[in-house]
Amino acid sequence: ELFAPLNMKDTFINSPRKSNIAVARKYNSELKPLPELMNNTEGAGNVFASIHDLILFGMFNLKIGNERILDSEDIDLMHNFVNKNTLYPYYDSAYYGFGWYFKPDDNGYKIVWHEGGMEGVSSMIKLIPDENIAIAVIMNISNQQYCQKIANQLSRIILPEYNPSALNEVANYKPHTSDK
């Protein structure tokens, strides 16, 4: 319902249906090979995609192309406030829409992103909607901060005047305390 209409031919959940698709070997932080790992969060984990397919998904989210899976207004809703009073607690000045984090103003640009990872894998897709830019990074090692750094460096190459903020997952994080 999603991969086929977007022509994402090299995307699958758990294992490829075609025998000619290979999956990169996963490595730990010491660059030692990991055994094949699966987790129990199908759909939230165990999704494999080529960089080309991630860009196709990014283009869909930028409303580039003729895919009619979601209305334009639904895509906008995913990239905007679900609750205007909620600041996503893990990112400084970032909010959470529906499946996407976003910053209304990251040094002059609205950015929308989602990142993923599990043992041996890091990924990020970053959108700069007003410029119709989609950036995707995938790595076969667990290092989300480096993945974010690469996405920001690519942002600077594409938009030299843009100085993206670091997406620091612990910036201004305040642990929840009970209301006793």
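This report describes the fold, the confidence and selected residues of a predicted model of one protein chain.

**Overall fold and confidence**

The protein chain has 180 residues, of which 33% are buried. Its secondary structure amounts to 3 helices and 7 strands. In sequence order the elements run β-β-α-α-β-β-β-β-β-α. Among contacts with a separation of 6 or more, 47% join residues that lie 24 or more positions apart.

Mean pLDDT for the protein chain is 83, with 85% of the residues at 70 or more. Strand 7 (residues 133-139) has the highest confidence, at 96, while strand 3 (residues 95-96) has the lowest, at a mean of 80. Residues 170-176 have pLDDT under 50 throughout. For this segment the model shows 9 contacts beyond four places in sequence. Where pLDDT is low, the predicted coordinates should not be read in detail.

**Strand 1 and its surroundings**

T11 is a residue of strand 1. The relative accessible area of T11 is 10%, so T11 is buried, the cut-off being under 20%. Not counting residues up to four places away in sequence, T11 touches F3, V47, F48, A49, S50 and D53. One of these residues, A49, is 38 residues from T11 in sequence, yet the two C-alpha atoms are 4.1 Å apart.

E42 belongs to the loop between strand 1 (11-13) and strand 2 (47-49). With a relative accessible area of 59%, E42 is exposed, because the limit for that class is over 50%. Beyond its neighbours within four places in sequence, E42 contacts I13 and N14. The C-alpha atoms of E42 and I13 are separated by 7.1 Å, and the two residues are 29 apart along the chain.

**Helix 1**

Helix 1 covers residues 51-61, and its buried residues are D53, L54, L56, G58, F60 and N61. These buried residues pack against two strands from the start of the chain, strand 1 and strand 2, and also against helix 2 (72-78), strand 6 and strand 7. D53 is also among the residues that T11 touches. K63 follows helix 1 and has a positive phi, near 65°.

F60, listed above as buried, is part of an aromatic cluster with F57 and W100. The structure holds 7 aromatic pairs. A further ring, that of F102, has K110 over its face, at 5.2 Å from the ring centre.

**Helix 3**

Which side of helix 3 holds its buried residues, and what do they pack against? The buried residues of helix 3 are Q144, C147, Q148, A151, N152 and S155. They lie on the same side of helix 3, because they cover an arc of only 135° around the axis. Their packing partners are strand 5 (109-118), strand 6 (121-128) and strand 7. On the other side of helix 3, Q145 and I157 are exposed. Strand 6 and strand 7 thus appear as packing partners of the buried residues of helix 1 and of those of helix 3.

The length of helix 3 can be checked against its residue count. Helix 3 has 15 residues (residues 144-158), which at 1.5 Å a residue should span 21 Å. The end C-alpha atoms of helix 3 are 21 Å apart, so the model agrees with the expected span.

**Asparagines with positive phi**

N7 and N107 have positive phi values, although N7 is a residue other than glycine and N107 is not a glycine. The table gives their backbone angle, location and accessibility.

| Residue | Phi | Location | Relative accessibility |
|---|---|---|---|
| N7 | near 60° | segment before strand 1 | 43%, partly exposed |
| N107 | about 55° | loop between strand 4 (101-106) and strand 5 | 46%, partly exposed |

N7 counts as partly exposed because its 43% falls between the limits of 20% and 50%. The value of 46% places N107 in that class for the reason that it too falls between these limits.

Definitions and conventions. Residues are numbered from 1 along each chain as its sequence is written. This is a predicted model: local features need pLDDT of at least 70, side-chain atom pairs count only at pLDDT 80 or more; totals for chains, interfaces and linings use all residues. Side-chain values use heavy atoms; hydrogens and water are left out. pLDDT is the predictor's confidence in each residue, from 0 to 100. Helices (H or I, at least four residues) and strands (E, at least two) are DSSP runs, numbered from the N terminus. Contact means heavy atoms within 4.5 Å. The expected span of a helix is 1.5 Å times one less than its number of residues. Buried means under 20% relative accessible area, exposed over 50%, partly exposed in between (1.4 Å probe, protein chains only). The arc is that of the directions from the helix axis to the C-beta atoms. Rings of Phe, Tyr and Trp (its six-membered ring) pair if their centres lie within 6.5 Å; planes under 30 degrees apart count as stacked, over 60 as edge-to-face and the rest as tilted. A charge sits over a ring if NZ of Lys or CZ of Arg is within 6 Å of the ring centre and within 35 degrees of the ring normal.
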